[in-house]
Every structure is written in structure tokens, then in C-alpha cells.
Amino acid sequence: MIADKIQPENNSSPAFLRMADMQRLENAKVEYEQGLLEVIKQEVGCDYLSDLHAAYSFMSMRRVLPKIDFHRYSLAECQDALQYICAQSIKISDQSQAKAYLQEFSDNFNVKAPKA
């Protein structure tokens, strides 16, 4: 349970969570309930999951991927996200490999600047 992992900042009254502790719990709960693709979509700033295939998404993805903890998600979910974004069937052995592959994929995605 998420509440078990978040300790109150004030240990003198464990029965009562302070407002800041409650907010941290709620943020952790929301992040936990969201899937990896949804988190990437929100962090990149896309309105729809299909926007993750757009060239502009890869520029933002380069910036946000280091902030996302892939270990919070199952190996299957990481693989599904990787396959959806890269549009390829990719086998990975762990979450770190999924993150590294996606980072490399977005780094190597050729985005041409619009012509003036």
C-alpha cells in the first residue's frame, strides 16, 4: 500500500498526517495509478497518446525521460510503452534497458527544423 511507504514528516503523531504529508500521499497515489504511457504523454505535453509519434514529441521526450522512474512500472508495461512509441517489436530484459532504449531512440530521431 502506498500509505505504508510514505512516512509522516512529524513522527511524534503517526496517527495524524499533516497536510503536507497528505498531499505527498495523494501525489504518489496519482502517479502510481497512471500508466507509463500516460505519464510520458503528460510530461511531454501531449494531448493524446498518438501525439507521442509526432516529431515534436521526441524533442520534449529527450528532456523528460531522465525524470521518469521506469522501475515504478512492470517490465511488461515498459515494453508496451516502448513498442507503442517506437512502433517496433522490442525485447527488453529490465526497466533500465527500456528507458535507455527509448532515450537513445528519441536522441537519434531526426527532427528537421522547419524551413523559413
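The following paragraphs lead through the structure from its overall make-up to one helix pair and its salt bridges.

This is a predicted model, in which local features need pLDDT of at least 70 and side-chain atom pairs count only at pLDDT 80 or more, while totals for chains, interfaces and linings use all residues. Residues are numbered from 1 along each chain as its sequence is written, and side-chain values use heavy atoms, with hydrogens and water left out.

The protein chain contains six helices and zero strands, where helices (H or I, at least four residues) and strands (E, at least two) are DSSP runs numbered from the N terminus. Of the 116 residues in the protein chain, 33% are buried, a word that stands for under 20% relative accessible area, with exposed meaning over 50% and partly exposed in between (1.4 Å probe, protein chains only). Among the contacts in the protein chain with a separation of 6 or more, 47% are between residues 24 or more positions apart, a contact being heavy atoms within 4.5 Å.

One helix pair can be followed in detail. The axes of helix α3 (residues 36-44) and helix α4 (residues 55-64) come within 9 Å and cross at roughly 105 degrees; these axes are lines fitted to C-alpha atoms over the stretch in contact, with angles running from 0 to 180 degrees between N-to-C directions. The two helices α3 and α4 are therefore roughly perpendicular to each other, since angles under 35 degrees count as roughly parallel, over 145 as roughly antiparallel, 65 to 115 as roughly perpendicular and the rest as oblique. On the α3 side the contact is made by Ile40, Glu43 and Val44, and on the α4 side by Ser57, Ser60, Met61 and Val64.

The structure also holds two salt bridges, each defined as a side-chain nitrogen of Lys or Arg within 4 Å of a carboxyl oxygen of Asp or Glu. In general, side chains of opposite charge can pair when their charged atoms come close. Lysine 41 and glutamate 38 form one such bridge, at 3.2 Å from N to O, and both lie in helix α3, three residues apart, about one turn of the helix. Lysine 41 is buried, with a relative accessible area of 12%, whereas glutamate 38 is partly exposed, at 28%.

The other bridge joins aspartate 107 and arginine 62, whose closest N and O atoms are 4.0 Å apart. This pair links distant parts of the chain, with aspartate 107 in helix α6 (residues 95-108) and arginine 62 in helix α4, 45 residues apart. Aspartate 107 is partly exposed, with a relative accessible area of 41%, and arginine 62 also counts as partly exposed, at 27%.
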